[in-house]
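Work through the exercises below with the coordinates open. Try each task before reading its solution.

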Amino acid sequence: MSASPYGSQPAADTRRKPVTTATIAAMHQRGERIAMLTAYDATFAAVANAAGVDAILVGDSLGMVCQGSTYTVSVSLESMAYHTQCVAKGLARADGAALIIADLPFGAYRQSREQAIASAIALMQAGAQMVKLEGGGWAIEVVAFLVERGIPVCGHLGLTPQTVSALGGYRVQGRENEAAHRLRSDALALQQAGASMAAFEMIPAALARDITEEMTACPTIGIGAGSGTAGQVLVMHDMLGMNLGRMPKFVKNFMQETGDIREAFAAYVQAVKQGVFPDNAQHAW
């Protein structure tokens with residue numbers, strides 16, 4: 001075989017590039033499913049990142065899984081900033097780090113737009129690349145306000161844990177026609193406001209799928225919302241079978257299948273990417 005006239009060719013760089021909001025948008029446009037997991041410290045964030053998750057959510061679920069509370073409303077902005085900083089440090093030396101999204105906790109954005117921007121800045125300075133906030137209606141204006149000031153936002157509709165008491169407990173949302181219409185309207189309003197993502201929690205799979213098909217500019221992330229969303233997220237402790245309470249119906253224990261945390265994370269990512277998780281048979285609502 002004769003030598004190449006162009007000389008030796010460098011090996012292709014197969015390392016993953018850092019995941020950004022633009023990366024997520026491009027994935028959505030080409031139909032690639034988005035795999036997201038929660039993490040709250042440096043070590044688990046690094047392990048999840050090495051498994052190939054696209055985004056890590058520093059969720060206010062840390063109030064339950066890390067702090068032992070019954071609900072998320074007790075979580076402070078200071079706690080969210082601390083855990084976000086821990087996650088960011090865990091990814092600091094990683095090749096192709098996942099996107100870091102941090103929850104704005106219950107008392108951090110409801111008083112005024114000025115409070116919301118101050119809280120979002122605190123989380124971004126701690127290492128977040130996007131913030132997540134719950135609710136439609138009045139919250140849409142807050143989303144638009146943050147986006148206009150350069151803060152990427154992920155909305156959160158359906159079962160919103162910060163207001164679970166007002167919703168009557170952990171119940172499926174959007175079953176009735178009026179509630180489904182309101183969810184759809186809020187989702188499209190989030191897209192119009194410039195949200196980079198929208199999380200749907202515990203809503204009927206058919207409704208989540210139909211709204212996702214309309215939201216061409218904003219990828220949807222499901223948790224207990226069927227397989228028709230653009231991506232999936234789970235609480236890390238749940239998918240490892242370490243929930244201290246009752247395991248949600250929509251959760252799959254990936255640790256039970258693999259017996260190893262790293263393999264469990266990798267199996268979750270693969271299952272999301274291949275579209276085999278979640279199984280819509282899990283979603284009778």
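**Exercise 1: Strand β4 and its neighbours**

Start with a cross-strand pair: E134 stands opposite H156 in β5. The model is predicted, so local features need pLDDT of at least 70 and side-chain atom pairs count only at pLDDT 80 or more, while totals for chains, interfaces and linings use all residues. Residues are numbered from 1 along each chain as its sequence is written, and side-chain values use heavy atoms, with hydrogens and water left out.

Task: Find how β4 and β5 pair, and over how many bridges.

Solution.
- Step 1. Take the elements from DSSP runs: helices are H or I of at least four residues, strands are E of at least two, and both are numbered from the N terminus.
- Step 2. Apply the pairing rule: two strands pair if DSSP finds at least two bridges between them.
- Step 3. β4 and β5 have 4 bridges and run in the parallel sense.
- Step 4. Turn to β3, which pairs with β4 in the parallel sense over 3 bridges. Here A102 has V131 in β4 as its bridge partner.

**Exercise 2: Around the barrel**

Task: State the order in which the 8 strands close into a barrel.

Solution.
- Step 1. The order is β1-β2-β3-β4-β5-β6-β7-β8, with parallel pairing.
- Step 2. From one strand to the next, the twist averages 25°. Axes are lines fitted to C-alpha atoms, for helices over the stretch in contact, and angles run from 0 to 180 degrees between N-to-C directions.
- Step 3. Check β2 (residues 55-58) against β3: the pair is parallel, with 4 bridges. A55 faces L99 in β3.
- Step 4. Check β5 (residues 153-158) against β6 (residues 197-201): 5 bridges join them, again parallel. C154 stands opposite M197 in β6.

**Exercise 3: Burial in β3 and β5**

Task: Decide how many residues of β3 are buried.

Solution.
- Step 1. Set the cut-offs: buried is under 20% relative accessible area, exposed is over 50%, and partly exposed lies in between (1.4 Å probe, protein chains only).
- Step 2. In β3, 5 of its 5 residues are buried.
- Step 3. Sort them by direction. L99, I101 and D103 point one way, I100 and A102 the other way, and all are buried.
- Step 4. Repeat for β5: 6 of its 6 residues are buried.

**Exercise 4: Helix pairs**

Task: Describe how α4 packs against α5, then how α6 packs against α7.

Solution.
- Step 1. Two packed helices are described by the angle between their axes and the distance between the axes.
- Step 2. The axes of α4 (residues 77-91) and α5 (residues 113-126) come within 8 Å and cross at roughly 25°. They are therefore roughly parallel (under 35 degrees; over 145 is roughly antiparallel, 65 to 115 roughly perpendicular, the rest oblique).
- Step 3. α4 passes α5 in a right-handed crossing (the near helix is turned clockwise from the far one by less than a right angle; anticlockwise is left-handed).
- Step 4. List the contacts (heavy atoms within 4.5 Å). L77, M80, A81, T84, Q85 and A88 in α4 meet S119, A122, L123 and A126 in α5. These residues divide into 7 nonpolar, 3 polar and no charged. Ala, Val, Leu, Ile, Met, Phe, Trp, Tyr, Cys and Pro count as nonpolar, Asp, Glu, Lys and Arg as charged, and the others, Gly among them, as polar.
- Step 5. α6 (residues 138-148) and α7 (residues 177-193) pack at about 20°, with axes 9 Å apart. This pair is therefore also roughly parallel.
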